[in-house]
Amino acid sequence: MSARPDWLRVRADFPVLTRQVHGKPLVYLDSANTSQKPQAVIRAVDDFYREHNANVSRAVHALGSEATEAYEGARARLARFINVPADELVLTSGTTFGINLVAYSWALPRLSAGDTILLTRMEHHANIVPWQIVAERTGASIKVVDITPAGELDLDDLRAKLTGDVKLLAFTHVSNVLGTVNPVAVICREARKRGVVTVVDGSQALPHLAVDIPSLGCDFYAFTGHKMLGPTGTGGLWARRQHLREMPPFLGGGEMIREVRFEKTVYNDPPHKFEAGTPNIAGVIGLGAAVDYLETLGMDHIHAREQALLRIAEERLAEIPGLRIFGQAPGKAAVISFLVDGAHAHDLATLLDLEGIAVRSGHHCAHPLMAHFGVAATCRASLAFYNTHVEIERLAEAITKARTLLA
Ligand code: PLP
């Protein structure tokens, strides 16, 4: 393992973290929503536009080759980061696009009435709504795997619901609300035994854990770049080669073809077959820089740092009377969803904002999970390695102050 980073120096790589908000130093605790970006990523995007800007895979001129090389180089780095071949990695605008691609290209042509799509109660809307669209159009049904009171996936319920009619199981690697880290390899093994195809939402996993996709045994793995230090509008979908070969394209246009005639078009090979139109070139290059940055810090160091911060935050918040935390799964990621008795989540988040503290309040794009807990909204403090002990103390003090104001 590489040497443990000096976290205070690392923090200095993130320009926005020096900001003042409402006259107070910013405490950014909304990284599960979108992470902040280090100088290296900002520089990579800036450098592309200043020095190399051209479209990819089209022009033979120097700038065109440089842009293509940088773009494909970023794909290769991203693929190495998750240990998959670069030609199995479709570059997308994020998880939402990736899951929709699987829904439209894999599921829509294959499912029909009598088939079942299995989801879990802890999914983000991006891993619910595309499947509802597929179900509406094909006549397939949706079933939902339950969670335990601690917020873990109920594996007995999963096994019971993996019946012969289930064709596809879509679930999150890490819950954006509860922080639960699901045992992906175990779940995929159960699904595979029964011939069920698996789609994993890796949005909240890649920024915090070392992810080795082949060892997970899934069929599809979707993720988003902006939560892992990269620019917005970037991400990827890994799929088994056989699926990529068999799936029809989702969007048609330039880049995804080999030859177009009015009588017939021959598609490009995967992954390009699924990448119609001009992509987010600068964004993907920025995402490549984000991967380099994460690798330099070391995912094991990042994980250890965030777990240490989580322990401190949980202990400190437990001292606040009337504060309830949603999601207590062992080994959870550094996401703390909470409510304080008598305070509405939005009021609390507004008062925290006045103290310079950014937490998210609302349903976190997980209405069914909120309904399960019988609440309309929670506050969510999501930590990243660039947060500090002092910031956790400021959060705890600000909640304590807000509690007295709202009581
Ligand atoms: N899935 C999970 C678990 C998420 O947390 C998010 C983002 O909040 C998404 C999917 C959607 O990601 P994006 O909006 O980047 O497509």
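**Briefing: a covered strand, salt bridges and surface charge**

At 62% relative accessibility, Asp341 counts as exposed, because exposed means over 50% relative accessible area, buried under 20% and partly exposed in between (1.4 Å probe, protein chains only). Asp341 is located in the loop that runs between strand E14 and helix H12 (345-354); helices (H or I, at least four residues) and strands (E, at least two) are DSSP runs, numbered from the N terminus. The structure is a predicted model, in which local features need pLDDT of at least 70 and side-chain atom pairs count only at pLDDT 80 or more, while totals for chains, interfaces and linings use all residues. Residues are numbered from 1 along each chain as its sequence is written, and side-chain values use heavy atoms, with hydrogens and water left out.

**Strand E14 and its partners**

- Strand E14 covers residues 335-340 and is mostly covered, with 6 of its 6 residues buried.
- Val335, Ser337 and Leu339 point one way from E14, whereas Ile336, Phe338 and Val340 point the other way; all are buried.
- In a regular strand, side chains alternate between the two faces of the sheet.
- Strand E13 (residues 323-326) pairs with E14 in the antiparallel sense over 4 bridges; two strands pair if DSSP finds at least two bridges between them.
- Within the pairing of E13 and E14, Leu323 stands opposite Val340 in E14.
- Strand E17 (residues 378-382) runs antiparallel to E14 and is joined to E14 by 4 bridges.
- Ile336 of E14 stands opposite Ala381 in E17.

**Salt bridges between separate parts of the chain**

- The count comes to 28 salt bridges, a salt bridge being a side-chain nitrogen of Lys or Arg within 4 Å of a carboxyl oxygen of Asp or Glu.
- Side chains of opposite charge can pair when their charged atoms come close.
- Arg80 and Glu295 meet through their side chains in a salt bridge of 3.8 Å, N to O. Arg80 lies in helix H3 (residues 62-81) and Glu295 in helix H10 (residues 281-297), so this pair ties together parts that are 215 residues apart in sequence.
- Arg80 is exposed at 53% relative accessibility, while Glu295 is partly exposed, with a relative accessible area of 35%.
- Glu88 forms a salt bridge with Arg241, and their closest N and O atoms are 3.1 Å apart. Because Glu88 lies in the loop between H3 and strand E4 (89-92) and Arg241 in helix H9 (residues 241-246), the pair ties together parts that are 153 residues apart in sequence.
- Glu88 is buried, with a relative accessible area of 9%, whereas Arg241 is partly exposed, with a relative accessible area of 32%.
- Asp146 forms a salt bridge with Arg121, and the closest N and O atoms are 2.5 Å apart. This pair links distant parts of the chain, 25 residues apart: Asp146 is in the loop between strand E6 (141-145) and helix H6 (155-161), and Arg121 is in the loop between strand E5 (116-120) and helix H5 (129-138).
- Both partners are partly exposed, Asp146 at 25% relative accessibility and Arg121 with a relative accessible area of 24%.
- Salt bridges that share partners join Asp156, Arg159, Glu190, Lys193 and Arg194 into one network.

**Negative surface patch**

- Asp47, Glu51, Glu66 and Glu69 form a negative surface patch. Patches are made of residues with over 30% relative accessible area and no salt bridge, with like charges joined within 9 Å and nonpolar side chains (Val, Leu, Ile, Met, Phe, Trp, Tyr) within 5 Å.
- Accessible areas come from the Shrake-Rupley method with a 1.4 Å probe, and for residues only the protein chains shown count as cover.
- Lys and Arg count as positive and Asp and Glu as negative, while His and the chain ends are not counted. The place of a charge is taken as NZ of Lys, CZ of Arg, CG of Asp or CD of Glu.
- Helix H2 (39-52) and H3 are the elements that give two or more residues to the negative patch; Glu51 has its place in helix H2.

**Separations in sequence and in space**

- Asp341 and Leu406 are 65 residues apart in sequence, and their C-alpha atoms are 9.5 Å apart in space.
- Ala239 lies in strand E10 (residues 235-239) and is buried, with a relative accessible area of 0%.
- Ala239 and Val84 are 155 residues apart in sequence and 9.4 Å apart in space, C-alpha to C-alpha.
- Asp146 and His243 are 97 residues apart along the chain, and their C-alpha atoms are separated by 29 Å.
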